[in-house]
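I opened the notebook to go through one protein chain, element by element. The entries follow the order in which I looked things up.

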Amino acid sequence: MAGADEAQEVVRCAYGCQDTTCNASNVSGDGAAGRSVRSYRPHGSLARVLYDKRKADEWLAAYDKRKWYRVDKSKIREDLLDLWIPLGTGPNADQPDKAAEIFLVRSAERSDSLPLQTWHSLARSALSWFISRTSINGLLGRGSMHVFSSEQFQKLMDASGFTGPWHSLVDLGAGDGATTAHVAHLFEKVYATDISPPMRWALAKRKFIVLDVERWHQEAGPFNVILCLNLLDRCDRPNTLLRLLRTSLAPGGRLVVALVLPFSPYVEVGERGNHKPSECLPVRGNGLETQIISLIDRIFAPIGLRCLVWSKLPYLCEGDLGQSYYFLDDVIFVLEAQPVSTRSCNFAVNDGVSLRRNF
Ligand SMILES: C[S@@+](CC[C@H](N)C(=O)[O-])C[C@H]1O[C@@H](n2cnc3c(N)ncnc32)[C@H](O)[C@@H]1O
């Protein structure tokens with residue numbers, strides 16, 4: 001699971017053109033706040049860290065959170081706009097809901113605890129020689145993430161016309177199961193997978209049935225609802241996974257995919273060993289809106305996954321000594337399985353092959 005440090009790295013490097021740059025530059029001392037940080041910076045490393053965190057948190061407090069729930073509608077085709085639903089609250093449905101607010105408050109409290117953050121920092125430095133960041137987070141019980149609340153999930157299901165049965169849910173790449181826990185009570189059986197052993201322990205502790213990462217679709221299923229949240233850009237074979245997702249849905253079932261956009265894959269445990277995926281998901285275009293269209297038209301549709309509803313949310317990650325929390329733009333798609341036409345099939349396969357060659 002992407003931890004605070006990973007989220008920050010993504011914001012700084014891969015998403016340099018987004019609003020979140022201000023966030024990164026604030027922290028690294030390039031923005032307006034950064035200038036004041038340069039002109040006055042306390043002596044002593046701890047004082048400096050605390051001062052920089054205060055500056056970063058001031059920037060977060062002033063950030064217009066309505067942007068988290070909005071898209072530039074002028075850049076989206078009309079037929080796709082019809083599928084968009086807002087997931088924020090308030091009169092314009094563009095404010096964080098209660099669950100997101102609770103996550104932010106808790107995250108700020110934890111990030112302000114000096115003993116806790118010092119312990120995390122020391123343990124991370126020592127453990128990073130042996131295990132992945134996700135596993136370190138799992139062991140330390142830190143770096144929790146928030147995607148959606150139970151109410152937001154039900155809104156997505158309602159808008160997609162899903163009326164049940166609510167027999168089985170599987171959350172693939174579930175991390176510590178924090179998001180799974182928001183929706184688990186709606187289902188009779190809750191399954192989960194994760195490639196990181198400490199995350200699997202965390203999932204088992206929450207009493208979810210943990211399936212094997214390779215054989216999950218043989219061990220159980222088909223499933224009424226499949227969650228694939230922020231996994232396609234973190235797993236080694238996203239194209240293979242998407243095809244499996246389609247065939248593992250029960251009749252009338254729903255697949256919920258969340259993806260951080262702009263797309264920036266980073267694989268912790270993969271065959272290539274260089275953090276690049278073995279299979280390339282052919283997401284086209286640079287901006288968020290262009291990539292949404294590309295995903296719906298060029299990736300989901302050709303393999304028989306029809307988009308019924310989509311929306312946008314912040315992907316929130318617990319903070320650290322750098323700032324109280326981190327956020328990225330997360331786009332959520334609710335999909336249903338459809339028969340695949342021969343033409344679409346060729347298109348998808350050819351696309352995958354031509355892009356694989358480039359890697
Ligand atoms: C960015 S985190 C997302 C966690 C959670 N789904 C969420 O949205 O907060 C990606 C997770 O996928 C896991 N992962 C990566 N490749 C995987 C695979 N092939 N199968 C299952 N889990 C995988 C990682 O260990 C990590 O916990």
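Where is the place of His-275? I found His-275 in the loop between β6 and α14. I note at the outset that this is a predicted model.

**Entry: positive phi**

I started with His-275 because most residues other than glycine have a negative phi, and I wanted the exceptions. The phi of His-275 is near 70°, a positive value in a residue other than glycine. I counted 11 C-beta neighbours inside 10 Å for His-275, so this residue is exposed.

Lys-207 came up in the same search. Its phi is positive too, near 75°, and Lys-207 is not glycine. I placed Lys-207 in the loop between α11 and β4; this residue follows α11. Buried or exposed, then, for Lys-207? Lys-207 counts as exposed, because it has 11 C-beta neighbours inside 10 Å.

**Entry: cis peptide bonds**

I then went through the omega values. The bond from Gly-221 to Pro-222 is cis, with omega near 5°. Pro-222 sits in the loop between α12 (216-219) and β5 (223-229).

The bond from Leu-261 to Pro-262 is also cis, and its omega is near -5°. I located Pro-262 in the loop between β6 (249-260) and α14 (288-300). That is the loop that also holds His-275.

**Entry: the whole chain**

I stepped back to the totals. The protein has 15 helices and eight strands. Of its 359 residues, 44% are buried. Among contacts with a separation of 6 or more, 69% join residues 24 or more positions apart.

**Entry: the core**

Which residues touch the most other members of the largest nonpolar core? I listed Ile-226, Cys-228, Leu-255, Val-257, Phe-300, Leu-316 and Phe-333, out of 76 residues in that core. Strand β8 (residues 325-337) supplies the largest share of this core, with 10 residues.

I took Cys-228 for a closer look. Setting aside neighbours within four places in sequence, I found Cys-228 in contact with Leu-172, Leu-245, Leu-255 and Val-257. Leu-255 and Val-257 are themselves on the list of core residues that touch the most other members.

**Entry: α8 against α11**

Two packed helices are described by the angle between their axes and the distance between the axes, so I noted both. Helix α8 (residues 133-140) and helix α11 (residues 197-205) pack at about 40°, with axes 7 Å apart. An angle of 40° is outside the range under 35 degrees that counts as roughly parallel, and α8 and α11 are therefore oblique to each other. Their crossing is left-handed.

Which residues meet there? On the α8 side I have Thr-134, Ser-135, Gly-138 and Leu-139, and on the α11 side Pro-197, Pro-198, Met-199 and Ala-202. By class, the contact of α8 with α11 has five nonpolar residues, three polar and no charged.

I also asked which residues of α11 are buried. They are Pro-198, Met-199, Arg-200, Ala-202 and Leu-203. The cover over these buried residues includes α8, β3 (189-192) and β4 (209-210).

**Entry: α7 against α8**

Helix α8 also has a contact with α7 (residues 114-127). The axes of α7 and α8 come within 10 Å and cross at roughly 135°. That angle makes α7 oblique to α8. The crossing of α7 and α8 is right-handed, whereas that of α8 and α11 is left-handed.

His-120, Ala-123, Arg-124 and Leu-127 in α7 meet Ile-136, Leu-139 and Leu-140 in α8. I sorted the residues of this contact into five nonpolar, one polar and one charged. Leu-139 of α8 appears here and in the contact with α11.

**Entry: Thr-163**

The last lookup was Thr-163, in the loop between α9 (150-159) and β2 (168-172). Thr-163 has 9 other C-beta atoms within 10 Å, and is therefore exposed. How far apart are Thr-163 and Gly-253 in sequence and in space? I read 90 residues along the sequence and 9.5 Å in space, C-alpha to C-alpha.

How values were computed:
Residues are numbered from 1 along each chain as its sequence is written. This is a predicted model: local features need pLDDT of at least 70, side-chain atom pairs count only at pLDDT 80 or more; totals for chains, interfaces and linings use all residues. Helices (H or I, at least four residues) and strands (E, at least two) are DSSP runs, numbered from the N terminus. A residue is buried if 20 or more other C-beta atoms lie within 10 Å of its own, exposed if 12 or fewer, and partly exposed in between; C-beta atoms are placed from the backbone. Two residues are in contact if their C-beta atoms, placed from the backbone, lie within 7 Å. A nonpolar core is a set of buried Ala, Val, Leu, Ile, Met, Phe, Trp, Tyr and Cys residues joined through C-beta atoms within 7 Å. Axes are lines fitted to C-alpha atoms, for helices over the stretch in contact, and angles run from 0 to 180 degrees between N-to-C directions. Angles under 35 degrees count as roughly parallel, over 145 as roughly antiparallel, 65 to 115 as roughly perpendicular and the rest as oblique. A crossing is left-handed if the near helix is turned anticlockwise from the far one by less than a right angle, and right-handed if clockwise. Ala, Val, Leu, Ile, Met, Phe, Trp, Tyr, Cys and Pro count as nonpolar, Asp, Glu, Lys and Arg as charged, and the others, Gly among them, as polar.
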